[in-house]
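Trainee: I would like a close look at one part of this model, the helix packing. Please set it in the context of the rest of the chain.

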Amino acid sequence: MFTSIIILTYNKLDYTKKCLNSIRKYTTNDTYEIIVVDNNSTDGTVDWLKQQNDIRTIFNEKNLGFPKGCNQGISISKGDNILLLNNDTVVTHNWLNNLIKALYSSQDIGAVGPVSNYCSNLQAINVPYTNLAQMHEFAKSYNISNPSLWEERLRLIGFCFLFKRKVLKEVGLLDEVFTPGNLEDDDYSLRIRKAGYKLLLCKDTFIHHYGSISFNSEPAKFKNVMSKNIKKFIDKWGINPEYFMRLRKDFTEKIKSLQLTSPNILHLECGAGGTLLDIKNEIPKANLYGLESNDKAIVNTDSFAEIDIKSNNNIDKYPKNFFDIIIITTPNHDLDYYLKVFKNTKKHLKESGSYLLALPKDSEIKESLLNNELPKIFADFMANENKTYIDIVLHLEINKVKKKQKNEKKICFISCVNDEKTYQKSKQFINNLTIPESYKIEFICKKNSNCITKSYNEAMKETNAKYKVYLHQDVYIINNNFIKNIIDLFKSNNKIGMIGVVGSKYVPKNGVWWDEQCKYGKVYENHSGKLSLLNFSEVKDDYTNVSLIDGLIMITQYDIPWRDDLFDDWHFYDASQSKEFKNAGLKVVIPKQVSPWCIHDCEIVSTTNYEKYRKIFINEYLNNIYKTCANSTNSKNKPTFVTLLPGIQNIHLIKDVGMIPYILNKYYDYQAKLVAYAGREFPYLENEVKGLQIQYIKNTGNSTLDGYYYLLHNARNIDILQVYHFLPRTFYWIKTYKSFNPKGKIYLKLDANSTIKNFDYYKDCDATTKNLLSQCDLISVETKELYDYLNQNWPIEVAYVPNGFHSFNYKDNSYVKYEQKENIICSVGNLGSYAKATEVLMEAFKLAYNQIGDWKLKLIGPIDQSFKQYLKNFYKENPQLRNKIIFTGELSDRTALYAEYKKAKIFCLPSRWESFGISLVEAISHGCYIICSDIISANDITNNEKYGDIFQKNDINKLSKLIITNCNNESKLKKLCNHIQDYAYQRFNWIKICKEIDCLLKK
């Protein structure tokens, strides 16, 4: 990973020397370049810079300002990453390695920055040192990479600002309208976020910052420049950065002090959502909502909050008694305004809820409140000695109810009873259980109940026990250690929400857990009139996750209301509650039982109204999973299938983005099309995907909003919407589509690489995202490894749908004969980019070429600009390889590219990361033996190394040995050539893959 560090200088030579010397000392050699742009210094800086042999310089004849100078440096940079660094900084141990690790932790991270001793935007921390020597000792112990200390931010201050070159290509250079400086970093942060990326503040990385040495020497000039640039920012974006992008840390701290576990919080006039984002960082389980009058302020916020445009009535979309806290921040000082806000929002605030306000201390509304002019509504005012604001917490006193504290040492056994004798027998078994020390039990008996869910809800409210055991009156617990077992199980994983003793792994189409083939657990029961052991699959570990459990006994550690609005009888309430827990992101499990924990002395069960409630269950929970698509070839109304990914280029038409709608339309009778930006050329429409429909939309520069406006006008006419990637933008589109077409289907194709494993569904996924994921009818991932991982670690079903190839003008199964091939190793991609690791392959070939005879290496694709210097040096040092390593350039013509695959015996991909490379499946479809780095799809492509070899990323020596071994094993390559092609056509043929997609959508 190569980084271009760009530094601007204007006098202050002593600071520049300290900065550059620290970079040299604390940054890994050969991983960076330093570019210094001097803005006409007059203090000896220019002469000193000219004496430095390890930096590249640009000397301006006049001071061009910060944005222009940075752009000059960027324009000559070579790095995979760009780092803008102030010359009044001193970098530290591991600084750059830590920042790069955070920057590449996910594809949707656009830029990162460190903390410091001196910085605005709450990027400063308290430090213990008094000199630079102490500072470095402090930083050495501080700079330990820790992903839990990475915090998403709306903006980053530009004193140390690291971003990907990929971001630069999408976003462009700094805006020079902000010359001489200030707010160009706010502007760039906003532009990065508008492009769909996140910003991370790395609280695991510290550098020293002296702080604004240029502007501090001229405070009047600084104030004047800042004032002008704020106006420029407002003219450009329609928002004031000081108001819309700030965050209120004091609000977060106040909310934290209330110690709410997962509060529902609404922020009125929330700006760009900075305060909500800060709350999310501090209270991950908080459910956050916002309303903002200025729609231009809302940019890429879906990952942390549900923010909508404020209108007169949209507060009413929220449920009554829903919010724990309502935050109000507004420049409006009118008392009537606040009275109106309180009137409109009061019913949505819980009885124990709070308002949190920010008011100018000299405002009339503040005086009115403090003088208690609203005595029936507000009390308990708390003032902050802030120069500008008085912060007031206002608690509603009307019908104020204190929440019951849960007793974690208490277990409540809850039953509905119509047979007292049977119930007393059940209680006797419970009383005989071993009760752990300091724990106690209680019983709640709901007699003569005609609705089990209503009675369970009543009981839930009556007890303060953390653990609740809902059991039938005729269930006898025979495991003496039952209480200890369930408590140990709950404490082993706080995501376990509910325990049963029998249930099914999946939900069958008819909703009846008994009819599912994969069932777990055991219980003694006598449905047939004779007591016998009901014994399903054995649970091997401490527990196994299931989808449905039987209601004979349901044990919980969290309270989720029972659906008495739907199930007001005695059937399917248990299936419903299982789904409610799963939808809340909690596990439903069956424990390991050496012998059965319970006897269910139930005899014959009544089936009155059974079918009625089965249909209710299916309609409520299964329609989104199993509803049928009217897409048979005999149907006059073909289902419409739309792929929404407007930023596509021509190359995407022959990848999954284009191939899925193309094949579904051509072979499976869908009306399928792509949505793409107008003004782009798509040559592949002429031959490769002729007949593929593209619906063109306008590009406004904000893809999220472009997709929103498209769905606003078209959602109702789309039967199936396909979206890509686990990104905030994607979920915004899903939410929009479902709001306009609730019966429509969603296909989310994750297109994921191994970085998705860094995402913890339970810790990192907010309630909104979980809900939207649950609304997807099909979620797929491209590799077996991620398929297994996600289905084991996420409580949602993910399908395995690999990427593939299509033979286009070739006949399907048109075999390439081994005799057509030559002694060629080929590789395809964006040559020289960091991800593709082309230099690893070239260095390995250099080590191997003396031992492989007449073999050649062909590298196909465009050459990255940053790679050209490497090539120049490589051929200078290895002139003998000029005719051995051949660069063909980019081959956009598929016929020409396929001709190269046909000639090659070996295909090598040394990538550092890939989600699922199309070149791999194209290569095996032409009989190429694969040598591949250990990317996430390597085992899929090589059939677990049956048709190829896998080496560890960056291992040049191992790769060279594999090249030597395979190039000298002609018989193996010849023997496998046809087998490899068979495997490709069976597993990765787009026609077969799309048939599977068709079946999954119909299911």
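Mentor: What follows starts with the whole chain, goes through the helix pairs, and then turns to the cores and some single residues.

The model is predicted. Its secondary structure comes to 33 helices and 41 strands. The protein has 1003 residues, of which 57% are buried. Of the contacts with a separation of 6 or more, 75% are between residues 24 or more positions apart.

Now the helix pairs. Helix α21, residues 703–714, packs on helix α22, residues 728–740, with the axes 9 Å apart and an angle of about 15°. Because an angle under 35 degrees counts as roughly parallel, α21 is roughly parallel to α22. The crossing of α21 past α22 is right-handed. On the α21 side the contact is made by Ser703, Thr704, Leu705, Gly707, Tyr708, Leu711 and Leu712, and on the α22 side by Arg729, Tyr732, Trp733, Thr736, Tyr737 and Phe740. Sorted by class, the residues in this contact of α21 with α22 are eight nonpolar, four polar and one charged.

A second pair is α26 (residues 838–848) and α27 (residues 868–877), whose axes come within 12 Å and cross at roughly 5°. These two helices, α26 and α27, are therefore also roughly parallel to each other. From α26, the residues Glu839, Met842, Glu843 and Lys846 meet Tyr870, Leu871 and Phe874 of α27. The contact of α26 with α27 has four nonpolar and three charged residues, and no polar ones.

The third pair has another geometry. Helix α20, residues 656–667, and helix α33, residues 990–1002, have axes that come within 9 Å and cross at roughly 80°. Because angles of 65 to 115 degrees count as roughly perpendicular, that is the description for α20 and α33. The α20 residues Asp656, Met659, Ile660, Ile663, Leu664 and Tyr667 meet Trp990, Ile991, Cys994 and Ile997 of α33. By class, nine residues in the contact of α20 with α33 are nonpolar, one is charged and none is polar.

Next, the nonpolar cores. The largest of them has 99 residues, and Phe907 and Ile963 have the most contacts inside it. Setting aside neighbours within four places in sequence, phenylalanine 907 is in contact with Cys826, Ser827, Val828, Tyr901, Ser919, Leu920, Ala923, Cys928, Tyr929, Ile930 and Ile931. Another core, apart from the largest one, has 65 residues, including Leu433, Leu489, Leu552 and Ile560.

Two buried helix residues can be followed one by one. Leucine 49 is in helix α2, residues 45–50. Its relative accessibility is 1%, so leucine 49 counts as buried. Beyond residues up to four places away in sequence, leucine 49 touches Thr9, Leu20, Val36, Asp38, Ile55, Thr57 and Phe59. One of these partners, aspartate 38, is eleven residues from leucine 49 along the chain, and their C-alpha atoms are separated by 9.0 Å.

Asparagine 71 is in helix α3, residues 66–75. With a relative accessibility of 5%, asparagine 71 is also classed as buried. Apart from neighbours within four places in sequence, asparagine 71 is in contact with Leu173, Leu174 and Glu176. Glycine 172 is 101 residues from asparagine 71 along the chain, with 9.6 Å between the two C-alpha atoms.

Some backbone values in the loops also deserve a check. Most residues other than glycine have a negative phi, and most peptide bonds are trans. Asparagine 448 is not a glycine, yet has a positive phi of about 50°. This asparagine 448 is in the loop between β17 (440–447) and α16 (452–462), and is exposed, with a relative accessible area of 65%. Phenylalanine 572 likewise has a positive phi, about 65°, without being a glycine. Its loop runs between β26 (553–556) and α18 (573–583). Here the residue is buried: phenylalanine 572 has a relative accessible area of 6%. As for the peptide bonds, the one from threonine 179 to proline 180 is cis, with omega near 10°. Proline 180 lies in the loop between α6 (165–171) and α7 (184–194).

Conventions
Residues numbered from 1 in each chain as written. Predicted model: local features only at pLDDT ≥ 70, side-chain atom pairs only at ≥ 80, totals over all residues. Heavy atoms only, no water. Axes fitted to C-alpha atoms, helices over the stretch in contact; angles between N-to-C directions. Helix = DSSP H or I, 4+ residues; strand = E, 2+ residues; numbered from the N terminus. Parallel < 35°, antiparallel > 145°, perpendicular 65-115°, else oblique. Left-handed = near helix turned anticlockwise from the far one by under 90°. Contact = heavy atoms within 4.5 Å. Nonpolar A, V, L, I, M, F, W, Y, C, P; charged D, E, K, R; others polar. Core = buried A, V, L, I, M, F, W, Y, C linked by side-chain atoms within 4.5 Å. Buried < 20%, exposed > 50% of the residue type's maximum accessible area, 1.4 Å probe, protein only.
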